Amino acid sequence: MADLRFDGRVVVVTGAGAGLGRAYALLFGSRGAKVVVNDLGGGRHGDGSSSKAADSVVDEIKRNGGIAVADYNSVVDGDKVIKTALDNFGRIDVLINNAGILRDKSFVRISDQDWDLVHNVHLKGSFKATQAAFPVFKKQGYGRIVMTSSNSGLYGNFGQANYSAAKMGLVGLASTVAIEGAKSNIHCNVIVPTAASRLTEDILPPDLYAELKPELIAPVVAYLCHESCEENGSIIESAAGWAGKCTIVRAKGNLLRSKISDIVTVENVRDSWEKVTDITGAERLASIQEATGQLMSDLERLSNPT
Ligand code: NAD
């Protein structure tokens with residue numbers, strides 16, 4: 001089978017001056033894409049700015065024979081990042097929302113600033129860049145978007161309440177963008193990476209850190225963004241040369257009353273709790289309509305008890 005290439009495609013990678021974003025940008029650049037290397041060049045906690053980070057990755061792509069431009073805007077001005085793509089290359093096909101910072105504190109010590117900065121970069125930044133790219137994608141009937149979540153969002157992690165909330169927000173954002181884009185061949189998926197970078201250098205054990213190369217995740221993200229990839233609205237976790245889909249499942253649950261005229265008491269809930277929380281045979285619902293459909297059939301069962 002032929003190699004998967006991105007010739008003629010314009011790819012924007014936010015936060016591409018280091019870590020995972022750099023690995024994505026280098027891979028797309030080596031596969032024929034024109035790459036916008038966005039990076040504010042700030043510190044790990046969202047402080048400062050510099051053109052150095054983005055410039056060095058642009059130089060690397062060019063040295064390897066690729067095409068790239070730097071963009072130094074904050075993703076909070078995501079529309080400006082997309083404008084850089086349109087001004088330089090006249091189009092945009094792929095948007096990887098990757099830029100990120102940390103402001104880790106135990107929950108009660110999180111200040112409004114810690115909350116707002118993290119939400120602004122991760123959630124608002126992804127919203128702004130995606131909203132600016134979306135009409136272009138719609139017009140051309142093609143677009144690929146990746147949001148970056150985290151296991152901290154999916155499962156929680158001590159000291160990361162602000163980050164967890166923003167990262168789970170991105171799952172919700174991606175789910176709806178995937179639905180709204182589907183008929184225009186716009187796909188939006190979520191990557192949940194674990195990789196060695198300055199965000200994880202003091203979190204991961206050193207021997208594990210050495211094995212978690214961002215280059216092992218980049219091909220997963222690139223595949224999600226290829227025109228031949230049908231995936232849409234999915235959460236894909238990847239690390240250390242492994243990838244797998246994550247999903248939210250719902251327990252079979254239990255009716256808390258016997259007929260439609262009954263009320264539900266707290267004791268009814270207690271008596272059903274084991275069944276309510278038993279995830280044996282849990283299923284993945286494909287849509288909100290499916291959830292509503294099941295609700296209707298539960299009401300039907302209550303109205304016509306056997
Ligand atoms: P990193 O710090 O190496 O890279 C993040 C880049 O984003 C930096 O170069 C930084 O300058 C840039 N950036 C920060 N704020 C920006 C802004 N406002 N505008 C533009 N650029 C900005 O970290 P990384 O580990 O490569 O993280 C990349 C993404 O992956 C982040 O969203 C992070 O939350 C997520 N993530 C990483 C891991 C991991 O194990 N490394 C795990 C889960 C999620």
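This is a short selection-by-selection tour of the chain and its ligand surroundings.

**Whole chain.** Start with everything shown as cartoon. Keep in mind that this is a predicted model. The chain holds ten helices and eight strands. Its C-alpha trace spans about 75 × 45 × 35 Å along the principal axes.

**Burial and contacts.** Now colour by burial. Of the 306 residues, 40% count as buried. Next, turn to contacts between residues at least 6 apart in sequence. Of these, 68% join residues at least 24 apart.

**Residues 9-202.** Select this stretch. An unreviewed UniProt entry places the feature "domain: Ketoreductase" here. Helix makes up 47% of residues 9-202, and strand makes up 16%. Pick the C-alpha atoms at the two ends of the stretch: they are 36 Å apart.

**Ligand shell.** Centre on the ligand and select the residues around it. There are 33 of them. Which come nearest? Label Gly15, Gly19, Gly100, Ser150 and Ser197, for these are the nearest of the shell.

**Helices at the ligand.** Select α1 (19-30) and α4 (112-140). These are the elements that give two or more residues to the shell. Which of the elements gives the most? It is α1, with three residues.

**Shell by class.** Keep the shell selected and colour by residue class. How many residues are nonpolar, polar and charged? Twelve are nonpolar, 18 are polar and three are charged.

**Last view.** Show the ligand shell and residues 9-202 together. The shell has Gly15 and Ser197 among its nearest residues, and the UniProt feature is placed at residues 9-202.

Methods: Residues are numbered from 1 along each chain as its sequence is written. This is a predicted model: local features need pLDDT of at least 70, side-chain atom pairs count only at pLDDT 80 or more; totals for chains, interfaces and linings use all residues. Helices (H or I, at least four residues) and strands (E, at least two) are DSSP runs, numbered from the N terminus. A residue is buried if 20 or more other C-beta atoms lie within 10 Å of its own, exposed if 12 or fewer, and partly exposed in between; C-beta atoms are placed from the backbone. Two residues are in contact if their C-beta atoms, placed from the backbone, lie within 7 Å. UniProt positions are given in the numbering used here, feature names are shortened, and annotations may be inferred rather than shown by experiment. A residue is near a molecule or strand if its C-beta atom, placed from the backbone, lies within 6 Å of it. Ala, Val, Leu, Ile, Met, Phe, Trp, Tyr, Cys and Pro count as nonpolar, Asp, Glu, Lys and Arg as charged, and the others, Gly among them, as polar.
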